[in-house]
Amino acid sequence: MNIRRFRAGDLPHVIALFSASVHGLAGAHYDARQRAAWAPAEPDQKRWQARLEGQQTLVAEDEGVLTGFISWAPNGHIDLLFTAPQHARKGIASALCAQVEAALSATGINTAFTEASLVARPFFEHRGFVVTEAQDLDRNGVRFRRYAMQKTLTARLPPERPPLPEA
(Lines give C-alpha, C1' and ligand atoms only; values in the text may rest on other atoms or scores of the structure.)
Protein backbone atom coordinates (compact mmCIF):
# COMPACT_ATOMS: atom_id res chain seq x y z
CA MET A 1 0.00 0.00 0.00
CA ASN A 2 1.21 3.46 -0.92
CA ILE A 3 -0.14 6.58 0.80
CA ARG A 4 0.36 9.87 -0.98
CA ARG A 5 -1.11 13.33 -1.37
CA PHE A 6 -4.23 13.74 -3.48
CA ARG A 7 -3.67 14.96 -7.05
CA ALA A 8 -6.26 16.64 -9.30
CA GLY A 9 -6.39 13.56 -11.54
CA ASP A 10 -7.55 11.50 -8.54
CA LEU A 11 -10.89 13.32 -8.32
CA PRO A 12 -12.99 10.94 -10.46
CA HIS A 13 -11.50 7.95 -8.64
CA VAL A 14 -12.18 9.47 -5.22
CA ILE A 15 -15.79 10.18 -6.18
CA ALA A 16 -16.25 6.64 -7.53
CA LEU A 17 -14.68 5.12 -4.41
CA PHE A 18 -16.93 7.23 -2.17
CA SER A 19 -20.04 6.10 -4.04
CA ALA A 20 -18.97 2.45 -4.05
CA SER A 21 -18.22 2.64 -0.33
CA VAL A 22 -21.55 4.23 0.59
CA HIS A 23 -23.56 1.83 -1.55
CA GLY A 24 -21.42 -1.23 -0.80
CA LEU A 25 -20.63 -0.90 2.90
CA ALA A 26 -23.53 1.06 4.39
CA GLY A 27 -26.40 -1.24 3.36
CA ALA A 28 -26.79 -2.76 6.80
CA HIS A 29 -27.13 0.69 8.41
CA TYR A 30 -28.84 2.92 5.85
CA ASP A 31 -31.70 2.09 3.50
CA ALA A 32 -31.55 2.54 -0.30
CA ARG A 33 -33.20 5.97 -0.15
CA GLN A 34 -30.65 7.22 2.41
CA ARG A 35 -27.72 5.83 0.41
CA ALA A 36 -29.03 7.44 -2.79
CA ALA A 37 -29.31 10.83 -1.05
CA TRP A 38 -25.83 10.45 0.48
CA ALA A 39 -24.13 9.29 -2.72
CA PRO A 40 -26.31 10.22 -5.72
CA ALA A 41 -25.96 8.36 -9.01
CA GLU A 42 -24.79 11.59 -10.65
CA PRO A 43 -22.35 13.29 -8.25
CA ASP A 44 -21.60 16.99 -8.50
CA GLN A 45 -17.93 17.05 -9.53
CA LYS A 46 -17.56 20.81 -9.03
CA ARG A 47 -18.89 20.50 -5.48
CA TRP A 48 -16.46 17.64 -4.80
CA GLN A 49 -13.56 19.62 -6.24
CA ALA A 50 -14.39 22.66 -4.11
CA ARG A 51 -14.76 20.51 -1.00
CA LEU A 52 -11.40 18.81 -1.47
CA GLU A 53 -9.60 22.04 -2.40
CA GLY A 54 -10.49 23.44 1.01
CA GLN A 55 -8.84 20.54 2.82
CA GLN A 56 -5.81 18.31 2.82
CA THR A 57 -6.35 14.86 1.32
CA LEU A 58 -4.34 11.67 1.27
CA VAL A 59 -5.09 8.66 -0.90
CA ALA A 60 -4.08 5.05 -0.44
CA GLU A 61 -3.38 2.96 -3.48
CA ASP A 62 -2.33 -0.59 -4.22
CA GLU A 63 -0.62 -1.24 -7.56
CA GLY A 64 -2.01 2.03 -8.91
CA VAL A 65 -5.61 1.34 -7.80
CA LEU A 66 -7.18 3.75 -5.31
CA THR A 67 -8.16 1.82 -2.17
CA GLY A 68 -9.05 4.63 0.24
CA PHE A 69 -8.83 8.32 1.03
CA ILE A 70 -9.01 10.76 3.93
CA SER A 71 -9.58 14.53 3.97
CA TRP A 72 -9.08 16.88 6.90
CA ALA A 73 -8.82 20.52 7.86
CA PRO A 74 -5.86 22.07 9.70
CA ASN A 75 -8.05 22.58 12.80
CA GLY A 76 -8.31 18.80 13.34
CA HIS A 77 -11.61 18.12 11.57
CA ILE A 78 -11.57 14.80 9.72
CA ASP A 79 -14.20 15.34 7.06
CA LEU A 80 -13.99 12.25 4.85
CA LEU A 81 -12.57 8.76 5.39
CA PHE A 82 -13.60 6.01 3.00
CA THR A 83 -12.22 2.72 1.70
CA ALA A 84 -13.23 0.73 -1.36
CA PRO A 85 -15.58 -2.11 -0.37
CA GLN A 86 -13.23 -4.80 -1.67
CA HIS A 87 -10.43 -3.34 0.49
CA ALA A 88 -12.41 -2.80 3.71
CA ARG A 89 -11.05 -4.17 6.97
CA LYS A 90 -7.51 -4.47 5.62
CA GLY A 91 -5.92 -1.65 7.63
CA ILE A 92 -6.24 1.06 4.97
CA ALA A 93 -8.49 3.39 6.98
CA SER A 94 -6.29 2.84 10.05
CA ALA A 95 -3.14 3.72 8.12
CA LEU A 96 -4.74 6.84 6.65
CA CYS A 97 -6.09 7.94 10.02
CA ALA A 98 -2.72 7.35 11.71
CA GLN A 99 -1.04 9.58 9.12
CA VAL A 100 -3.51 12.39 9.74
CA GLU A 101 -3.35 12.10 13.51
CA ALA A 102 0.45 12.28 13.33
CA ALA A 103 0.32 15.28 10.97
CA LEU A 104 -2.12 17.10 13.24
CA SER A 105 -0.03 16.36 16.33
CA ALA A 106 3.10 17.59 14.56
CA THR A 107 1.41 20.95 13.97
CA GLY A 108 0.33 21.31 17.59
CA ILE A 109 -3.30 20.27 17.18
CA ASN A 110 -4.26 18.22 20.21
CA THR A 111 -7.82 17.21 19.29
CA ALA A 112 -9.15 15.48 16.19
CA PHE A 113 -12.88 15.49 15.56
CA THR A 114 -15.28 14.08 13.01
CA GLU A 115 -18.89 13.28 12.25
CA ALA A 116 -19.09 9.50 11.91
CA SER A 117 -21.77 7.51 10.14
CA LEU A 118 -23.35 4.48 11.76
CA VAL A 119 -20.86 2.41 9.77
CA ALA A 120 -17.80 4.44 10.80
CA ARG A 121 -18.60 4.92 14.48
CA PRO A 122 -17.09 1.56 15.63
CA PHE A 123 -13.93 2.24 13.61
CA PHE A 124 -13.41 5.63 15.25
CA GLU A 125 -14.25 4.26 18.71
CA HIS A 126 -11.60 1.57 18.21
CA ARG A 127 -9.11 4.37 17.45
CA GLY A 128 -9.94 6.17 20.71
CA PHE A 129 -12.58 8.65 19.54
CA VAL A 130 -15.54 9.22 21.84
CA VAL A 131 -19.05 10.27 20.91
CA THR A 132 -19.82 13.82 21.97
CA GLU A 133 -23.27 14.06 20.38
CA ALA A 134 -25.74 12.04 18.31
CA GLN A 135 -26.88 14.10 15.35
CA ASP A 136 -29.80 13.81 12.97
CA LEU A 137 -29.33 15.61 9.69
CA ASP A 138 -31.29 16.08 6.51
CA ARG A 139 -29.74 15.54 3.11
CA ASN A 140 -31.92 16.07 0.06
CA GLY A 141 -35.05 15.57 2.15
CA VAL A 142 -33.82 12.33 3.74
CA ARG A 143 -32.98 11.97 7.46
CA PHE A 144 -29.69 10.46 8.64
CA ARG A 145 -28.15 9.63 12.00
CA ARG A 146 -24.48 10.32 12.62
CA TYR A 147 -22.24 10.96 15.61
CA ALA A 148 -19.99 13.89 16.47
CA MET A 149 -16.80 12.33 17.85
CA GLN A 150 -13.45 13.55 19.09
CA LYS A 151 -10.08 12.24 20.22
CA THR A 152 -7.25 13.77 22.22
CA LEU A 153 -4.04 13.36 20.22
CA THR A 154 -0.58 12.57 21.53
CA ALA A 155 2.50 14.40 20.36
CA ARG A 156 4.25 11.22 19.16
CA LEU A 157 4.81 10.56 15.48
CA PRO A 158 4.71 7.00 14.19
CA PRO A 159 8.34 6.03 13.51
CA GLU A 160 7.59 4.06 10.34
CA ARG A 161 6.12 6.93 8.24
CA PRO A 162 6.58 10.67 7.80
CA PRO A 163 3.43 12.65 8.69
CA LEU A 164 2.62 13.79 5.14
CA PRO A 165 3.96 11.82 2.20
CA GLU A 166 4.81 13.72 -0.94
CA ALA A 167 2.89 13.19 -4.18
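**Close-up views of a predicted model**

Ala 106 is partly exposed, with a relative accessible area of 49%.

**View 1. Ala 106 in helix H4 of the predicted model.** The legends that follow all refer to a predicted model. Ala 106 belongs to helix H4, which covers residues 92-106, and its relative accessible area of 49% falls short of the exposed class, because a residue has to be over 50% to count as exposed. Asn 140 is 34 residues away from Ala 106 along the chain, and the C-alpha atoms of these two residues are separated by 38 Å.

**View 2. Helix H1 against helix H3.** Two packed helices are described by the angle between their axes and the distance between the axes. The axes of helix H1 (residues 11-25) and helix H3 (residues 45-53) come within 11 Å of each other, with a crossing angle of roughly 100°, and the two helices are therefore roughly perpendicular. From H1, the residues that take part in the contact are Leu 11, Pro 12, Val 14, Ile 15 and Phe 18, and these meet Gln 45, Trp 48, Gln 49 and Leu 52 from H3. Sorted by class, this contact of H1 with H3 contains seven nonpolar residues and two polar ones, with no charged residues.

**View 3. Aromatic pairs and the ring cluster.** Across the whole structure, a search finds 10 aromatic pairs. In one of them, Trp 38 and Phe 82 are arranged edge-to-face, at 6.4 Å centre to centre and with 65° between the planes. Because Trp 38 lies in helix H2 (residues 32-38) and Phe 82 in strand E4 (residues 77-83), this pair ties together parts that are 44 residues apart in sequence. Trp 38 is buried, with a relative accessible area of 15%, and Phe 82 is buried as well, at 14%. Trp 48 and Phe 69 form a further edge-to-face pair, at 6.5 Å centre to centre and with 70° between the planes; since Trp 48 lies in helix H3 and Phe 69 in strand E3 (residues 65-72), the pair ties together parts that are 21 residues apart in sequence. Both Trp 48 and Phe 69 are buried. Ring pairs link Phe 18, Tyr 30, Trp 38, Trp 48, Phe 69, Phe 82 and Phe 144 into a cluster.

**View 4. The surroundings of Phe 69 in strand E3.** Phe 69 has a relative accessibility of 0% and so counts as buried. When residues up to four places away in sequence are not counted, Phe 69 touches Val 14, Leu 17, Phe 18, Trp 48, Thr 57, Leu 58, Val 59, Leu 80, Leu 81, Phe 82 and Leu 96. Ala 41, which is 28 residues from Phe 69 in sequence, is 20 Å from Phe 69 in space, C-alpha to C-alpha.

**View 5. Ser 21 in helix H1.** With a relative accessibility of 7%, Ser 21 counts as buried. Apart from its neighbours within four places in sequence, Ser 21 is in contact with Ala 26, Phe 82, Thr 83 and Pro 85. Among these contacts, Phe 82 is also the ring that pairs edge-to-face with Trp 38.

**View 6. Arginines over aromatic rings.** Arg 121 lies over the face of Tyr 147, at 4.4 Å from the ring centre. Arg 139 lies over the face of Phe 144, at 5.9 Å from the ring centre, and Phe 144 is one of the residues that ring pairs link into the cluster of View 3.

Key
Residues are numbered from 1 along each chain as its sequence is written. This is a predicted model: local features need pLDDT of at least 70, side-chain atom pairs count only at pLDDT 80 or more; totals for chains, interfaces and linings use all residues. Side-chain values use heavy atoms; hydrogens and water are left out. Axes are lines fitted to C-alpha atoms, for helices over the stretch in contact, and angles run from 0 to 180 degrees between N-to-C directions. Helices (H or I, at least four residues) and strands (E, at least two) are DSSP runs, numbered from the N terminus. Angles under 35 degrees count as roughly parallel, over 145 as roughly antiparallel, 65 to 115 as roughly perpendicular and the rest as oblique. Contact means heavy atoms within 4.5 Å. Ala, Val, Leu, Ile, Met, Phe, Trp, Tyr, Cys and Pro count as nonpolar, Asp, Glu, Lys and Arg as charged, and the others, Gly among them, as polar. Rings of Phe, Tyr and Trp (its six-membered ring) pair if their centres lie within 6.5 Å; planes under 30 degrees apart count as stacked, over 60 as edge-to-face and the rest as tilted. Buried means under 20% relative accessible area, exposed over 50%, partly exposed in between (1.4 Å probe, protein chains only). A charge sits over a ring if NZ of Lys or CZ of Arg is within 6 Å of the ring centre and within 35 degrees of the ring normal.
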